[in-house]
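Hi everyone, thanks for coming. I'd like to walk you through a structure that may be new to you, so please have it open while I talk.

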Amino acid sequence: MNKTDRLLAIVLELQSREVIRGEELADLFETSLRTIYRDIQALSEAGVPIIGAPGTGYSLMKGYFLPPIHFTVEEAVTLLIGTDFIEQRFDDEYRVRAQAARRKIEAILSESVRDETSRVRKALRLLTPGKPDVLSKEREYFEKIRLAILEERKIRFHYSKGIGDSKGNYHSDRTVAPYGLVLVEGSWMLVARCDLRQDIRHFRLSRMTELIDLDEQFELPAHFNLREYTPADDRHLRVRLRFNHDIADKVKESNYHYIEDMEERQDGLHVTLRVRQLDELLQWVLGWGAGVIVLEPESFRKRITEEVQKMLKRY
């Protein structure tokens, strides 16, 4: 990195942080502390209002802002693909903001960078999984939930589960304190504290209906951080399957989220999975037809047999 690029990068780093020490800048830009001192002096002489406090670090005078001088092709493509993604998967308000951001980014690009960026983007495409009506409902609910999170208001909705509970119930009404939204395998998931379960639960937006806002407020726990949040792994049931060689590649490409381990052997592809309930695997295993055999547990082998017998009766 040459000196000019480093000076700009230092200003941008100061803009993004309240205070940063000289040693941190030296480590970040892989240079000496003495060089950082000279860079800070050069920026100050050029009119950049940098405040330095011994033992604390450097900061910019409040209100000072320097826009980026230029974007590389790779940086521009990264930002513009980001706006494409937001347009597809966020609500209407953010879609409009993404379009405005794209126009601003394109406006400050040099002609050569803009042309090259356009050429690269034409070779890339984002495909959104799911049916248009499902995606439309997801975007509508996404906006309502996003606002409820920001305003710390509870919401209520009717929820349909993929697997029934111990009593065979697939539907329930839930009142929750929404903590955050996470995109998981192409679907938006709400992380929330459920009043019914008195604990944090996860809800797919695509399985929600009758979503309404409530006036009841909640307070986000001080210890909760969505970026650091990791749900407890309660998948305690282990299942082993053996797939025929002719479909092994398809199994690998499926990226099925319950798969824990795969091993090629002479008699086929051995796959180990962990689940909460065996029925979570039922439809997926049946979908491979005669190309898969359940090795264990025996109870799941019997469950598959029962389901096949029911199918035979229908034909």
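**A short tour**

Let's begin with Leu312, which is exposed, with a relative accessible area of 60%. Before going on, please keep in mind that this is a predicted model. You'll find Leu312 in helix 10, which covers residues 298-314. Which residues join Leu312 in a nonpolar patch on the surface? They are Val308, Met311 and Tyr315, and together the four have about 490 Å² of accessible area. Leu312 can count toward such a patch because its relative accessible area of 60% is over the 30% that a patch residue needs.

Now turn to the strands, please. Strand 5 (residues 187-194) and strand 6 (residues 199-204) run antiparallel, and six bridges join them. If you'd like one pair to look at, take Ala192, whose bridge partner in strand 6 is Arg201. The two strands form a hairpin, with four residues between them. In that turn, look for Gln198, which has a positive phi of about 55°.

My last stop is the largest pocket, with a volume of about 1600 Å³. How many residues line the largest pocket? There are 33, and those nearest its centre are Met189, His202, Tyr258, Arg276 and Glu280. Our hairpin strands come back here: strand 5 and strand 6 each give two or more residues to the lining, as do strand 4 (171-184) and helix 9 (279-286). The largest share, six residues, comes from strand 6.

That's my tour, and I'm happy to take questions!

Notes: Residues numbered from 1 in each chain as written. Predicted model: local features only at pLDDT ≥ 70, side-chain atom pairs only at ≥ 80, totals over all residues. Heavy atoms only, no water. Patch = residues over 30% accessible without salt bridge, like charges linked within 9 Å, V, L, I, M, F, W, Y side chains within 5 Å. Areas by Shrake-Rupley, 256 points an atom, 1.4 Å probe, with all protein chains shown as cover. Salt bridge = Lys/Arg side-chain N within 4 Å of Asp/Glu carboxyl O. Buried < 20%, exposed > 50% of the residue type's maximum accessible area, 1.4 Å probe, protein only. Pairing = 2+ DSSP bridges. 1 Å grid on protein atoms, 1.4 Å probe; cavity = no way out; pocket = protein on both sides within 12 Å on 5 of 7 lines; lining within 4 Å. Points joined across faces, edges and corners; volume = space filled by probe spheres on them.
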